[in-house]
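Please look over the model below with the following notes in hand. They are ordered by site rather than by sequence.

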Amino acid sequence: MSIERVVVLGAGTMGHGIAQIAAQAGCRTVLFDVDAAVVAGGLAKIAADLEKGVARGKVEAADRDAILSRLEAADGDLAAAVSGADLVVEAVPERLDLKCSIFESLGRSAPETAILATNTSSLPITRIASASGCAERVVGMHFFNPVPRSALLELVHTDATSAETIETLRTFGERMGKTVIVVKDSPGFATTRLGVVLALEAMRMVEEGVGSAEDVDKAMELGYRHPMGPLKVTDLVGLDVRLGIAEHLAEALPGGRFEVPDILRRLVREGKLGKKSGQGFYDWSES
Ligand code: NAD
């Protein structure tokens, strides 16, 4: 099966980026949100990003026009929006109840051949899939921010996902210019689980006085060629967001690996949430 018509649910940070790369890959793409203003804003951001590409000589003006002509806005009626979809990608806020209720309605209203994907970064896909009533067509499609410039697509299958669903999305992911990895549904998948365990250990090292945040980060950046150290990444993601994920992983994967260091709880309590608040493991007030 070839993916030609894509519907993206949720036009926020991730949704509009996913819609952009689907349209760039040649698909007719519908961008849907409960808030019409967010859809308009998402389409404007896509147009601005393509415009930058034209200015830098990376995108032909004719290609920009063709990509924009493949994009369509939708709000209000979910069933109508998904009626012609080969692939629906859900990118609504990270709440299990919300995602389950959307997949329940997709199970009823999306075409029987459509693949239904969620962009969740931490929720159990098996639970979301079982709400749909068609778990063989449900899969995790974990994109990264900013979507058009991130190389990775992490596909997450459950025990019920069909091999055809995975192969169709592997091909489609590559068509969108991504390197695709396939992992089984488990807490934190591959990316979040590894990224968070490294960051928590780095925090413990700062807490124990092993080294400063700068030096612990440089150990990974220069010693192991990580593009960015784990504490700087934490500052960009948000300490509150990382705390929530660490607590979830500590419960789902017991044994102490994800035990939350006191320093993380203390910084969050003090409102030091990273770049967005001006202070985290680093001082961002000047940037
Ligand atoms: P966001 O808050 O920027 O956007 C979510 C959008 O969903 C909002 O515009 C909201 O109006 C819309 N929405 C809410 N209820 C809806 C509904 N019932 N139907 C349609 N639209 C609805 O969120 P985001 O950062 O884009 O995150 C979306 C998903 O992607 C989450 O599951 C998140 O965990 C995941 N994710 C986020 C990132 C990131 O860096 N932001 C990275 C990877 C994965």
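1. S150 counts as buried, at 14% relative accessibility (buried is under 20% relative accessible area, exposed over 50%, partly exposed in between; 1.4 Å probe, protein chains only). This is a predicted model, in which local features need pLDDT of at least 70 and side-chain atom pairs count only at pLDDT 80 or more, while totals for chains, interfaces and linings use all residues. Residues are numbered from 1 along each chain as its sequence is written, and side-chain values use heavy atoms, with hydrogens and water left out.

2. S150 belongs to the loop that links strand 6 and strand 7 (helices, H or I of at least four residues, and strands, E of at least two, are DSSP runs numbered from the N terminus). What does the side chain of S150 reach? Its partner is the backbone oxygen of F144, at 3.3 Å. A polar contact here is a pair of N or O atoms within 3.5 Å; within protein, one must be able to donate a hydrogen and the other to accept it, and residues adjacent in sequence count only if both atoms are side-chain atoms.

3. P146 is in the loop between strand 6 (138-142) and strand 7 (152-157). The peptide bond leading from N145 into P146 is cis, and its omega is near -5°. As background, most peptide bonds are trans, and most residues other than glycine have a negative phi.

4. Two residues that are not glycine have a positive phi: F189, at about 50°, and R225, at about 60°. Is each one buried or exposed? F189 is buried, with 4% relative accessibility, whereas R225 is exposed, with a relative accessible area of 74%. The loop holding F189 runs between strand 8 (179-184) and helix 8 (191-207). The loop holding R225 runs between helix 9 (213-223) and helix 10 (230-237).

5. T118 is part of strand 5, residues 115-118. At 0% relative accessibility, T118 is buried. The side chain of T118 makes a polar contact of 2.5 Å with the side chain of E90.

6. The ligand is surrounded by 21 residues, and M14, D33, E94, K99 and S121 are the closest (a residue is near a molecule if one of its heavy atoms lies within 4 Å of it). Which helix gives the most to this shell? Helix 5 does, with three residues. Helix 1 (13-24) and helix 5 (96-109) each contribute at least two residues.

7. For the polar environment of the ligand, check three distances. One ligand oxygen distance is 2.7 Å, to an N or O atom in the side chain of K99. The others listed here go to backbone: 3.0 Å to a polar backbone atom of T13 and 3.4 Å to a polar backbone atom of V92. The ligand exposes 830 Å² when taken alone, and the protein buries 75% of that (Shrake-Rupley method with a 1.4 Å probe; for residues, only the protein chains shown count as cover).

8. On the overall layout, the domain assignment of the protein gives domain 1 (5-184) and domain 2 (196-277); such bounds come from an automatic or database assignment. The centres of the two domains, taken over C-alpha atoms, are 29 Å apart.
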